[in-house]
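Trainee: Got a minute to walk me through this one? I'd like to start with the strands.
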Amino acid sequence: MSDIDPDVLELLVCPRCHRPLVWAYEASELLCTNPECGLAYPVRQGIPILVEDQARPPEGQT
Ligand SMILES: [Zn+2]
């Protein structure tokens with residue numbers, strides 16, 4: 001199980017569009033709040049992997 005310090009989360013932004021991220025607990029992902037971006041970044045052992053190459057595109061988008 002992964003978890004993120006809320007103080008750390010406040011500092012994180014999407015590396016692609018620089019919008020804030022929200023923590024999706026069940027998926028252990030950080031979701032970009034920009035609807036035109038919408039990338040989901042994985043979190044491994046509590047460490048956010050804020051790398052575009054590692055991010056999952058939003059559902060329904062190819
Ligand atoms: Zn973004």
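Mentor: One term before we start: two strands pair if DSSP finds at least two bridges between them. And keep in mind that this is a predicted model.

Trainee: OK. How do β2 and β3 run, and how many bridges join them?
Mentor: They run antiparallel, and three bridges join them. In that pairing, E29 stands opposite P42 in β3.

Trainee: And what about β3 and β4, how many bridges there?
Mentor: Two, again in the antiparallel sense. β4 covers residues 47-48. V43 stands opposite P48 in β4.

Trainee: What sits between the strands in the hairpin of β3 and β4?
Mentor: Two residues. In this hairpin, Q45 takes a positive phi near 50°.

Trainee: Back to β3. Which side chains are buried along that strand?
Mentor: Y41 and V43. They point to one face. A40, P42 and R44 point to the other face and are not buried.

Trainee: New topic: the largest nonpolar core. Which residues make it up?
Mentor: Nine in all: C14, L21, L30, L31, C32, L39, Y41, V43 and A55. So the buried pair from β3, Y41 and V43, belongs to that set.

Trainee: Which strand gives the largest share of this core?
Mentor: β2, with three residues. β2 (29-32) and β3 (40-44) each supply at least two.

Trainee: Last one. What does L39 touch, leaving out residues up to four places away in sequence?
Mentor: C14, R16, C32, A55, R56 and P57. Among them, C14, C32 and A55 are also members of the largest nonpolar core.

Conventions:
Residues numbered from 1 in each chain as written. Predicted model: local features only at pLDDT ≥ 70, side-chain atom pairs only at ≥ 80, totals over all residues. Core = buried A, V, L, I, M, F, W, Y, C linked by C-beta atoms within 7 Å. Buried ≥ 20, exposed ≤ 12 C-beta atoms within 10 Å, placed from the backbone. Helix = DSSP H or I, 4+ residues; strand = E, 2+ residues; numbered from the N terminus. Contact = placed C-beta atoms within 7 Å.
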